Amino acid sequence: MEDWSRHEPKFRYMLLDRLRQDCEYYLRIGGSSNCLWAKDEQQQIQTMKDIWNTFPDGDKPEWLTMEEINEFARKMGVSVLPEPPNNIF
């Protein structure tokens with residue numbers, strides 16, 4: 001598993017946007033994992049979540065929320081596990 005946090009924030013933002021665009025294209029053409037960066041729907045979504053979670057709360061992309069990633073997953077037929085709570089007491 002890739003440690004995305006070791007990459008520069010600019011690279012992570014750019015890759016996350018690329019993955020988002022891949023998902024939009026995938027849905028627009030009717031679904032083909034060949035057009036996905038990860039070549040697999042589950043891995044594409046997991047990579048997006050992993051990268052998104054590397055950003056601190058104040059620096060998370062405004063142009064992509066976790067809810068939107070989960071919506072991509074739903075539309076692509078990827079099962080989504082509930083996100084762990086942010087505040088664990």
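Mentor: In this predicted model, a residue is called exposed when its relative accessible area is over 50% and buried when that area is under 20%.

Trainee: Which exposed residues does the face of helix 1 turned away from its buried side carry?

Mentor: Let us begin with the opposite side, where the buried residues of helix 1 include Leu15, Leu19 and Tyr26. Seen down the axis of helix 1, the buried residues fall within an arc of 155°, so they line one face of the helix. The face turned away from that buried side carries the exposed residues Lys10, Met14 and Arg28.

Trainee: Against which helices do the buried residues of helix 1 pack?

Mentor: The buried set also has Arg12, Asp22 and Cys23 among its members. Following the contacts of the buried residues of helix 1 leads to two partners, helix 2 (41-52) and helix 3 (66-75).

Trainee: How far apart are the end C-alpha atoms of helix 1?

Mentor: Helix 1 covers residues 9-29, which makes 21 residues, and at 1.5 Å a residue these should span 30 Å. The model agrees with that expectation, since the distance between the end C-alpha atoms of helix 1 is 30 Å.

Trainee: Is Asp3 buried, partly exposed or exposed?

Mentor: Asp3 belongs to the segment before helix 1, and its side chain makes a polar contact with the side chain of Ser5 at 2.6 Å. Because its relative accessible area is 42%, which lies between the cut-offs of 20% and 50%, Asp3 counts as partly exposed.

Conventions. Residues are numbered from 1 along each chain as its sequence is written. This is a predicted model: local features need pLDDT of at least 70, side-chain atom pairs count only at pLDDT 80 or more; totals for chains, interfaces and linings use all residues. Side-chain values use heavy atoms; hydrogens and water are left out. Helices (H or I, at least four residues) and strands (E, at least two) are DSSP runs, numbered from the N terminus. The expected span of a helix is 1.5 Å times one less than its number of residues. Buried means under 20% relative accessible area, exposed over 50%, partly exposed in between (1.4 Å probe, protein chains only). The arc is that of the directions from the helix axis to the C-beta atoms. Contact means heavy atoms within 4.5 Å. A polar contact is a pair of N or O atoms within 3.5 Å; within protein, one must be able to donate a hydrogen and the other to accept it, and residues adjacent in sequence count only if both atoms are side-chain atoms.
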